[in-house]
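Have a look at the fold below and turn it around a few times before reading on. We'll start from one residue and work outwards.

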Amino acid sequence: MTNEVLVTFSLGIAIGIGLGIIGFILGKILSPAKEYPRKRERYECANPPRGRARGLFMMQYYPFLILFLTLEPIMIYSFLFLMEAHRYILNTTLLFGAMVAILASPLVFGIYYVRRLELWSAH
């Protein structure tokens with residue numbers, strides 16, 4: 001693996017992390033800190049809202065989505081690792097280890113929250 005590839009990969013990771021941090025900061029700055037009661041009201045497209053909302057939006061599959069979105073890149077990098085491992089064993093192992101280390105925290109987060117069913121049910 002050449003230095004250009006490592007620089008490009010590192011630059012991509014740095015830009016991705018930087019954009020995530022900027023998005024998080026902008027979300028904190030631009031979102032209203034005050035709770036508005038209208039936010040909790042029922043919304044009907046082009047109709048005046050009346051009464052209680054029909055139901056709650058169930059998020060019970062959200063932790064599984066987190067797990068899938070975490071495991072999929074690990075599997076893809078595993079495939080890429082196997083393709084290049086025979087030529088550059090040390091570099092590919094370091095890169096793969098770095099990717100697994102980066103993706104370990106979302107995976108632990110997903111596994112922890114998948115088990116907490118009270119967070120994802122409406123009752």
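Which residues does Thr70 touch, not counting residues up to four places away in sequence? Keep in mind that this is a predicted model. With those neighbours left out, Thr70 touches Leu103, Pro106 and Leu107. Thr70 itself sits in helix 2, residues 62-84. With a relative accessible area of 4%, Thr70 is buried, because the cut-off for that is under 20%.

Let's zoom out to the helix around it. Thr70 shares the buried list of helix 2 with Pro63, Ile66, Leu67, Ile74 and Ser78. An α-helix has 3.6 residues a turn, so residues three or four places apart point the same way. Helix 3 is among what covers the buried residues of helix 2. As for geometry, the 23 residues of helix 2 should span 33 Å at 1.5 Å a residue, and the end C-alpha atoms of helix 2 are 34 Å apart, so the two agree.

Now over to helix 3, residues 89-114. At 1.5 Å a residue, its 26 residues should span 38 Å, and the end C-alpha atoms are 35 Å apart, which agrees. Still, there is a bend of about 35° in helix 3 at Ala104, with a proline, Pro106, following within four residues. You've met Pro106 already, as one of the residues that Thr70 touches. The buried residues of helix 3 are Thr92, Leu95, Met99, Leu103, Gly110 and Val114, and they pack against helix 1 (3-30) and helix 2.

That brings in helix 1. How do helix 1 and helix 3 pack, and at what angle? Their angle is about 5°, and their axes are 13 Å apart. Since an angle under 35 degrees counts as roughly parallel, helix 1 is therefore roughly parallel to helix 3. The contact comes from Leu6, Phe9 and Ile13 on the helix 1 side and from Leu95, Met99 and Ile102 on the helix 3 side. By type, the residues of this contact are six nonpolar, no polar and no charged. Leu95 and Met99 also appear among the buried residues of helix 3.

Finally, step back to the whole chain. The protein has three helices and zero strands, running α-α-α from the N terminus on. Of its 123 residues, 11% count as buried. Among contacts between residues at least 6 apart in sequence, 67% join residues at least 24 apart.

Definitions and conventions. Residues numbered from 1 in each chain as written. Predicted model: local features only at pLDDT ≥ 70, side-chain atom pairs only at ≥ 80, totals over all residues. Heavy atoms only, no water. Helix = DSSP H or I, 4+ residues; strand = E, 2+ residues; numbered from the N terminus. Buried < 20%, exposed > 50% of the residue type's maximum accessible area, 1.4 Å probe, protein only. Contact = heavy atoms within 4.5 Å. Expected span 1.5 Å × (residues − 1). Bend = angle between axes of the 7 residues up to and from the residue. Axes fitted to C-alpha atoms, helices over the stretch in contact; angles between N-to-C directions. Parallel < 35°, antiparallel > 145°, perpendicular 65-115°, else oblique. Nonpolar A, V, L, I, M, F, W, Y, C, P; charged D, E, K, R; others polar.
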